[in-house]
Amino acid sequence: MKKIKYLIVIFLITNLSLSNAQESDLQNKITKNLRCLICQGQSVYESDSEFANSLKLVVQNKLDEGLNEKQIYGYLKTKYGEWILFDPNFGKNTYFLWLLPIFVFIIGGVIIFKLFIIRKNK
Amino acid sequence: MRIKILPLFLVISFLFIFFIFFKGLQNSNIYSPDINNEKDIPFFETKILNTNDKVNSKEIFISDKFYLLNVWASWCIPCKDEHPYLMDLSVQNNIEIIGLNYKDNDKNAKNFLKNMDNPYKVIFLDKDGTIAIEWGAYGVPESFLIYNKRVIKKIIGPLNKNSYSEIINLIK
């Protein structure tokens with residue numbers, strides 16, 4: 001009986017810390033995608049500035065309130081604009097940014113195909 | 001013929017990409033907040049300095065007046081520079097100045113006001129900086145001119161002669 005009790009306690013402890021870990025993983029993931037506005041080139045996750053520390057707290061609070069990742073980004077975008085996100089959304093200003101690498105990749109593929117594969121067959 | 005098209009195409013596309021990136025280089029990569037758009041005031045709950053009463057943002061900013069929400073801290077040096085302007089504004093009768101004490105300790109904040117005079121009608125506490133984020137602030141000092149529950153003007157950094165006269169013109 002005692003053993004079972006111990007097992008239950010261990011089970012609870014490990015599970016609780018696991019769920020905590022998952023939540024802070026998500027918090028880390030979100031804060032890594034947020035630009036620290038007062039420290040250039042750093043994410044909120046990396047920075048230890050007053051602003052970044054508060055923002056980490058805000059993200060944590062919003063997660064506790066039950067908001068998901070997208071909602072938190074949306075919320076912060078209304079406060080600080082698109083600039084706060086490192087990973088810009090797919091929009092009319094950024095479609096070129098997103099499509100250019102794919103475009104270059106395809107062109108490169110076509111060039112390689114033409115130069116090597118077609119020439120070899122000749 | 002095909003062999004000639006390919007290098008030409010490559011050169012053009014590289015020039016095109018170069019141009020795009022070169023233009024991108026000239027964009028500022030320093031955060032410049034959007035200060036022109038009007039925004040609704042955020043909702044928040046906090047405590048008041050001195051009395052420690054709980055307060056809700058819906059209870060304030062309700063009368064037909066202008067409000068200036070000023071984010072300040074006793075450890076913030078530029079806050080001392082803008083202090084005379086705040087004192088001047090506090091005697092105007094159609095504007096109320098409301099303080100948001102940012103990441104400060106109560107004792108220092110009270111001393112600051114004792115030494116410098118208190119322009120604020122009421123001071124909210126923001127111990128962890130989360131309320132400043134609700135407002136979209138990212139440093140101290142910052143001021144928000146509010147009318148009809150909307151932020152009509154945002155001033156980043158300390159108030160100066162220009163922003164002071166701008167506020168005076170707006171509240172006339």
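Read from the N terminus, chain B runs α-β-β-β-β-α-β-α-β-α-β-β-α, which adds up to five helices and eight strands. Keep in mind that this is a predicted model. Two pieces get a closer look here: helix 2, and strand 7 with its partners on either hand.

**Overall shape**

- Chain B isn't a neat ball: a compact globule of 172 residues would have a radius of gyration near 16 Å, whereas chain B comes in at 23 Å.
- The C-alpha trace tells a similar story in three numbers, spanning about 85 × 35 × 30 Å along its principal axes.
- As for burial, 31% of the 172 residues in chain B count as buried.
- If you look at contacts in chain B with a separation of 6 or more, 73% of them link residues 24 or more positions apart.

**Helix 2 (residues 77–90)**

- The length checks out: at 1.5 Å a residue, the 14 residues of helix 2 of chain B should span 20 Å, and the end C-alpha atoms are indeed 20 Å apart.
- That said, helix 2 of chain B has a bend of about 40° at B:His83, and a proline, B:Pro84, follows within four residues.
- B:His83 is also one of the buried residues of helix 2 of chain B; the others are B:Cys79, B:Glu82, B:Tyr85, B:Leu86 and B:Leu89.
- What do the buried residues of helix 2 of chain B pack against? Their partners in chain B are strand 4 (66–72), strand 5 (95–102), helix 3 (106–116) and helix 5 (161–171).

**Strand 7 (residues 142–147) and its neighbours**

- Five of the six residues of strand 7 of chain B are buried, so the rest of the structure largely encloses this strand.
- On the strand 4 side, six bridges tie strand 7 of chain B to strand 4 of chain B, and the two run antiparallel. Within this pairing, B:Leu68 stands opposite B:Leu145 of strand 7.
- Strand 7 of chain B also pairs with strand 8 (residues 150–156) of chain B, again over six bridges and in the antiparallel sense. Here B:Ile146 stands opposite B:Val151 of strand 8.
- Strands 7 and 8 of chain B make a hairpin with two residues between them. In that turn, B:Asn148 has a positive phi of about 55°.
- A general point for reading these pairings: side chains in a regular strand alternate between the two faces of the sheet.

**Where the two pieces meet**

- Strand 4 of chain B turns up in both stories: buried residues of helix 2 pack against strand 4, and strand 4 is joined to strand 7 by six bridges.

Key. Residues numbered from 1 in each chain as written. Chains lettered and ligands numbered in written order. Predicted model: local features only at pLDDT ≥ 70, side-chain atom pairs only at ≥ 80, totals over all residues. Rg over C-alpha atoms; globule rule 2.2 N^0.38 Å. Buried ≥ 20, exposed ≤ 12 C-beta atoms within 10 Å, placed from the backbone. Contact = placed C-beta atoms within 7 Å. Expected span 1.5 Å × (residues − 1). Bend = angle between axes of the 7 residues up to and from the residue. Pairing = 2+ DSSP bridges.
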